[in-house]
Every structure is written in C-alpha cells, then in structure tokens.
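Let's take a friendly walk through this protein together. Have the sequence and the 3D view at hand, and follow along paragraph by paragraph.

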Amino acid sequence: MLYADENSADELEAIHAQRLDVDLEMAEMNAAADAWHAVRDRGYCNHGSAAGHRSRPGQLICTAGCSTVFANDEDWYAQLDDPMANPVPLPGHPAHTPAAAAASQ
Ligand SMILES: [Zn+2]
C-alpha cells in the first residue's frame, strides 16, 4: 500500500534495498548451511528447529533430531549458535553406530 507521502521512487528504492538484503541473507545462509552440514556430518545435532515443550511451558524441545530440552529461548539460541560447545550426538547417525564405534577402538 502506498501512503500519500510516498512516490514510486521511494517504492523502487525500497524494492532495491530489499533485494540487496536478500542477497546478503543468501550469502549468510550459504555460510551457515556449510557450518550446519559440518556439524551434522560429524554426527551431532545442531538444534536447527525447536518447538514449545508441551508439558513444561517456557521450555523448548529440539525437533531437529536429538530431542534435547532447552530451558528457554536464550538457552536454545546459545546452543544453536555454537552446537559444538555442548555436542549432542544425533541418534542413529552412522558416526555413532556400533560398527563405527568398534572401528574407532
Ligand atoms: Zn538437537
């Protein structure tokens, strides 16, 4: 919607700025995706998604594979930012199968 004090040049500028934001966002997302895969390739959860914990309001539960329960949003964001600070093995990941464990011994 256009407001009375806006003109098409303003609108065009807004569209251009938005495209630039999207490009930067894509570059950031690609870098983040690389880090994401590095963590998951090593068999650890990066807690990429979480949902409200039904029985404990305020808490979140990881829905990206490990079901870790986070105390609150901040706790989740902290572990999302640096999943290897407190690595949680992904259940069923090949890196953690008995065969892989035997091979590493
Ligand atoms: Zn997780």
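Is Leu90 buried, exposed or partly exposed? Leu90 counts as partly exposed, because it has 19 C-beta neighbours inside 10 Å. The scale behind that word is simple: a residue is buried if 20 or more other C-beta atoms lie within 10 Å of its own, exposed if 12 or fewer, and partly exposed in between, with C-beta atoms placed from the backbone. Before going further, please keep in mind that this is a predicted model, in which local features need pLDDT of at least 70 and side-chain atom pairs count only at pLDDT 80 or more, while totals for chains, interfaces and linings use all residues. Residues are numbered from 1 along each chain as its sequence is written.

Now for the overall plan. The protein has three helices and three strands, and from the N terminus they follow the order α-β-β-β-α-α. The radius of gyration is 21 Å, well over the 13 Å that the globule rule gives for 105 residues, so the protein is more spread out than a compact globule. Here the radius is taken over C-alpha atoms, and the rule is 2.2 Å times the number of residues to the power 0.38. Helices (H or I, at least four residues) and strands (E, at least two) are DSSP runs, numbered from the N terminus. Along its principal axes, the C-alpha trace spans about 70 × 35 × 20 Å. Of the 105 residues, 10% count as buried.

The protein is divided into domain 1 (9–43) and domain 2 (45–88), with bounds that come from an automatic or database domain assignment. Taken over C-alpha atoms, the centres of the two domains are 23 Å apart.

Let's begin with the helix α1 (8–41). Its 34 residues should span 50 Å at 1.5 Å a residue, and its end C-alpha atoms are 48 Å apart, which agrees. That expected span is 1.5 Å times one less than the number of residues. None of the 34 residues of α1 is buried, so this helix lies largely in the open. Just after α1, Gly43 takes a positive phi of about 90°.

The chain then enters the loop between α1 and β1 (50–52), where His47 lies. His47 counts as buried, because it has 25 C-beta neighbours inside 10 Å. His47 also has a positive phi, of about 55°, although it is not a glycine. Most residues other than glycine have a negative phi. Gly48 is found in this loop too, and is partly exposed, with 15 other C-beta atoms within 10 Å. Leaving out residues up to four places away in sequence, Gly48 touches Trp36 and Ala64; contact here means that two C-beta atoms, placed from the backbone, lie within 7 Å.

Next comes the sheet. Its three strands form an open sheet in the order β1-β2-β3, with antiparallel pairing. The edge strands are β1 and β3, each of which pairs on one side only. Two strands pair if DSSP finds at least two bridges between them, and β1 and β2 pair over three bridges. In β2, Cys62 is the bridge partner of Ala50.

Ala50 and Cys62 also appear in the largest nonpolar core, whose seven residues are Tyr44, Cys45, Ala50, Leu60, Cys62, Phe70 and Trp76. Such a core is a set of buried Ala, Val, Leu, Ile, Met, Phe, Trp, Tyr and Cys residues joined through C-beta atoms within 7 Å. Beyond four places in sequence, Phe70 touches Ala50, Gln59, Leu60, Asp75, Trp76 and Gln79.

Which residue sits in the loop between β2 (60–62) and β3 (69–70)? Ser67 does, and with 12 C-beta neighbours inside 10 Å it counts as exposed. Ser67 has a positive phi of about 60° although it is not a glycine. Leaving aside neighbours within four places in sequence, Ser67 is in contact with Ile61 and Cys62.

Finally, back to Leu90, which lies in the loop between α2 (73–81) and α3 (98–103). Not counting residues up to four places away in sequence, Leu90 touches Arg40, Gly43, Tyr44, Cys45, Gly65 and Cys66. Two of these partners, Tyr44 and Cys45, belong to the largest nonpolar core.
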